Amino acid sequence: MRTTLQAVVWLCLGLCVEALSLSGRRVESGRGEGSEAERGEKLLRRVRRGWMWNQFFLQEEYTGSDYQYIGKLQSDQDHGNGQVKYVLSGEGAGTIFVLDENNGDLHATRRLDREEKSFYILKATVTNKQTGIKLEPETEFTVKLHDINDNEPQFDKEVYTGSVPEGSDIGTSVIQVTATDADDSMYGSSAKLVYSISQGHPYFSVDPNTGVIRTALGPRDMDREQREHYQVVIEAKDMAGQRGGLTGSTMVNISLTDVNDNPPQFTQRIYQFRAFESSKSGTPVGRLKATDRDIGKNAEMYFTIVSGDGMDMFDISTDKDTQEGIITVSKPLDFEKKPSYTVEIQVQNTQLDPRFSSAGSKDMATVRIAVEDVDEPPLFDKASYLMEVKEDAAVGVAVGSVSAMDPDGARSMVKYSIDRRTDMDRLFNIHPGNGSVFLLRGLDREASAWHNISVIATEFNNPRQSSHVPIFIRLLDINDNAPTFATVYETYVCERTKAGQRIQNVSAVDADEPSSGHKFFFSLAPEGTQRSNFTVRDNGDNTAGILTRRASYSRLHQSVYLVPVVITDGDYPMQSSTGTLTVRVCTCDREGNMEVCNAEALSSAPGLSTGALIAILLCAIILLMIVVLFTALKRQRKQEPLIISKEDVRDNVVSYNDEGGGEEDTQAFDIGALRHPDTAAALEESAKQRRDIIPSDTLLYPPHRRPAPTACSLMIPPVSVATRDNGDVREFINQRVLENDCNPTAPPYDSLATYAYEGAGSVAESLSSLGTVSSEAEQDYHYLSEWGPRFRKLADLYGAEDSDFS
């Protein structure tokens with residue numbers, strides 16, 4: 001191989017040189033002139049290159065044990081004398097590629113893979129071995145790797161997942177798989193792939209060029225309910241599928257998605273249930289089960305009642321979790337009226353597929369429901385009652401009646417009663433046998449226009465069975481209230497006015513509510529028509545005007561006038577009342593505005609100005625502050641007594657801070673008082689004297705029994721003097737005053753002493769029960785009536801018999 005490459009290179013070089021030489025000679029012989037020949041030779045002379053190549057080719061995946069020979073580098077400067085040196089640089093120089101520096105042979109040191117790197121760029125030059133000087137400039141060349149089919153096709157995924165609706169037509173696309181080959185697609189057919197299916201026949205096929213998987217069977221053969229999942233193996237082969245090519249494979253999991261191609265079906269054709277007649281609306285009766293081979297939304301279903309004698313008595317709904325039909329009671333059941341019902345139930349899917357919709361997409365079932373009898377409470381003929389009665393109806397008058405009966409076949413007797421929790425005032429009662437409601441007390445519409453009570457109906461045989469019904473009683477109005485003024489009217493009249501001047505408009509109100517509306521009439525009371533200073537004019541719209549009858553009034557002569565006005569309603573029986581209008585005489589300005597009235601001025605009259613009110617308020621605050629300050633100062637000056645009360649001495653400690661004189665001090669204390677306590681006490685008692693001033697005026701003492709101030713020790717109890725003005729009380733007070741005057745430990749004479757004394761000699765004697773002799777005998781308290789009207793109530797209470805309070 002090496003000899004052949006060198007021969008080819010030298011042959012090419014020789015031919016080129018010979019062609020150039022001949023061309024030069026032809027140019028020279030054609031010109032004929034030496035100077036022109038020289039110029040032509042310069043123009044056509046070729047500059048010879050030092051290198052005779054620019055690229056090498058190398059086959060990848062070399063398996064030999066020796067270095068793989070690539071080619072030979074040769075320079076014109078190499079004359080075979082061994083004076084030149086070949087030098088290699090660039091990608092892989094010295095590691096992957098080595099160059100013989102003496103002869104220029106190029107080798108690869110190891111096996112190369114084109115898929116890792118397809119070419120290498122190297123540079124070579126020659127130098128003088130002795131001097132190291134470059135003999136030629138550095139030249140670049142390329143080593144390219146020839147591809148071999150050493151890579152098998154690789155798919156993007158190891159496992160693909162796809163789906164297709166069940167019942168799809170032949171050729172429906174499912175999924176596309178893609179494989180790649182690392183070999184060179186520009187060199188031969190190493191990277192040309194062909195797809196094929198090795199597992200999945202006869203359900204699917206694959207396009208050999210694109211890798212698209214399609215269905216291979218018809219709609220009836222691709223049924224999810226029969227088989228849902230498929231595993232398909234796809235192969236990709238290079239070399240265009242020819243023998244010797246490499247193969248890669250992948251797994252494709254294909255699932256058939258559900259379509260609504262199966263209708264729901266009942267698990268049985270006839271269902272039987274039972275329901276109590278006492279079941280309330282919404283009570284479940286039973287459940288219906290239906291199956292559907294589809295899944296998800298395609299298996300959702302709903303139930304309907306399509307026929308039967310119980311269509312109005314029962315409802316059916318769908319349980320979203322279990323897809324079961326739930327039959328419930330919609331109206332009250334009555335065993336006595338109808339003991340059983342039969343209904344036809346239909347089931348179908350909520351979402352229908354038009355491709356599979358037909359008459360067979362629905363299913364039917366029969367449901368029989370038996371009503372079971374229970375002991376029911378009495379049933380009123382109405383859910384509520386409305387009754388009317390006049391407010392002046394007498395006690396015992398019937399207001400209305402209610403009716404209830406036992407719905408059971410036994411037809412038990414029913415008794416009626418009023419739920420007293422709804423009639424706390426016990427205004428009504430009911431006959432227990434016939435249900436007639438009547439009055440127990442009088443009624444007043446103005447106090448309460450409506451009364452709401454509840455009546456209870458109970459079975460005689462089973463008192464636990466009872467029912468309630470509300471009764472609404474409306475009171476009808478009668479004209480039993482007289483009209484009155486709408487408010488308290490107070491007005492004024494100027495001293496100087498004119499006759500017929502309107503000074504006030506009045507209106508009236510009435511607690512009654514006549515059906516035709518209120519109609520009031522106003523007139524002056526008969527007692528006010530004589531010498532009347534005012535008159536009343538009815539406006540005809542339930543109001544009236546108060547007019548003056550004089551041109552002048554005198555505030556000094558009469559400051560207040562009372563005008564009696566009769567107000568009459570227009571209903572039957574006619575009711576009337578008299579209202580009084582207060583008119584005050586005031587001084588007015590020219591415009592008729594009030595200026596001055598009497599001391600009893602109107603509350604609505606003009607008052608003081610804002611400034612005056614503020615000044616008065618400030619003065620009042622200042623006075624209040626002065627009083628508070630004075631009281632505080634007075635309390636500070638007042639000294640608290642050592643002992644506030646002679647009775648409250650148990651916790652008082654008196655400190656004198658006196659220092660004793662010791663044993664030699666005989667004047668500070670008389671020791672004889674301890675040796676002879678009786679004598680000392682007598683002397684001390686006689687020596688006690690009051691230090692305050694005796695009052696000079698003792699009006700409480702009788703003139704003939706006033707004791708001497710200094711004769712306290714000889715005090716004789718005063719003799720009682722019978723007088724008309726409670727002499728015993730006077731004597732009691734005089735005795736207590738004398739005791740305080742003679743007591744040296746008593747407070748000063750100007751102190752206030754209070755006493756509680758009931759007195760003696762009362763005609764009524766004591767009312768206390770402490771001194772009363774206990775006796776079971778009856779006592780006569782009628783004498784209390786003789787004491788006047790104040791004791792009459794007491795006489796009635798004590799004189800009443802015990803039976804009156806039972």
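This is a short tour of a predicted model, with a few residues to select at each stop.

**Stop 1: a sheet of strands**

Start by selecting residues 534–538, which make up strand β39. This strand belongs to an open sheet of 4 strands, arranged in the order β35-β37-β40-β39 with antiparallel pairing. Which strands stand at the edges of the sheet? They are β35 (484–485) and β39, and each has a single partner strand, so one side of each is left without a neighbour in the sheet.

Now add residues 543–548, strand β40, to your selection. β39 and β40 pair in the antiparallel sense over 5 bridges. To see one of these contacts, pick F534 and look across to T548, its bridge partner in β40.

**Stop 2: from the sheet to an aromatic pair**

Keep F534 selected and add Y561. The two rings form an edge-to-face pair, with 5.6 Å from centre to centre and 75° between the planes. F534 sits in β39 and Y561 in strand β41 (residues 560–569), so the pair ties together parts that are 27 residues apart in sequence. Are these two residues buried or exposed? Both F534 and Y561 are buried.

**Stop 3: more rings**

The structure holds 14 aromatic pairs. For another one, select F56 and F141: this pair is also edge-to-face, at 5.7 Å centre to centre and with 85° between the planes. F56 belongs to strand β1 (residues 55–59) and F141 to strand β7 (residues 139–146), so here the pair ties together parts that are 85 residues apart in sequence. F56 is buried at 7% relative accessibility, and F141 is buried too, at 1%.

Next, select F266, Y271, F273 and F303 together. Ring pairs link these four residues into a cluster.

**Stop 4: the disulfides**

How many disulfides does the model have? The count comes to 2.

For one of them, select C494 and C588, whose sulfur atoms are 2.0 Å apart. The link is left-handed, with -90° about the S-S bond. C494 lies in strand β36 (residues 490–494) and C588 in strand β42 (residues 576–588), so this disulfide ties together parts that are 94 residues apart in sequence. C494 has a relative accessible area of 13% and is buried. C588, at 19%, also counts as buried, because the cut-off for buried is under 20%.

Stay on β42 and select C586, then add C597. A disulfide joins C586 to C597, with 1.6 Å from S to S. The torsion about this S-S bond is about 95°, so the disulfide is right-handed. C586 is in β42, while C597 is in the loop between β43 (594–596) and α4 (610–637), so the pair ties together parts that are 11 residues apart in sequence. C586 is buried, with a relative accessible area of 0%, and C597 is buried at 14%.

For a contrast in accessibility, click on C619: with a relative accessible area of 48%, this cysteine is partly exposed.

**Stop 5: a pocket**

Finish by selecting P332, L333, E376, L379 and P407. Of the 26 residues that line the second largest pocket, these lie nearest its centre. The pocket has a volume of about 630 Å³. Two elements, β26 (379–380) and β34 (466–476), give two or more residues to its lining. Which element gives the largest share of the lining? That is β34, with 3 residues. By class, the lining has 11 nonpolar, 5 polar and 10 charged residues.

Note on methods:
Residues numbered from 1 in each chain as written. Predicted model: local features only at pLDDT ≥ 70, side-chain atom pairs only at ≥ 80, totals over all residues. Heavy atoms only, no water. Pairing = 2+ DSSP bridges. Disulfide = S-S within 2.5 Å. Buried < 20%, exposed > 50% of the residue type's maximum accessible area, 1.4 Å probe, protein only. 1 Å grid on protein atoms, 1.4 Å probe; cavity = no way out; pocket = protein on both sides within 12 Å on 5 of 7 lines; lining within 4 Å. Points joined across faces, edges and corners; volume = space filled by probe spheres on them. Nonpolar A, V, L, I, M, F, W, Y, C, P; charged D, E, K, R; others polar. Phe/Tyr/Trp six-rings, centres within 6.5 Å; stacked < 30°, edge-to-face > 60°.
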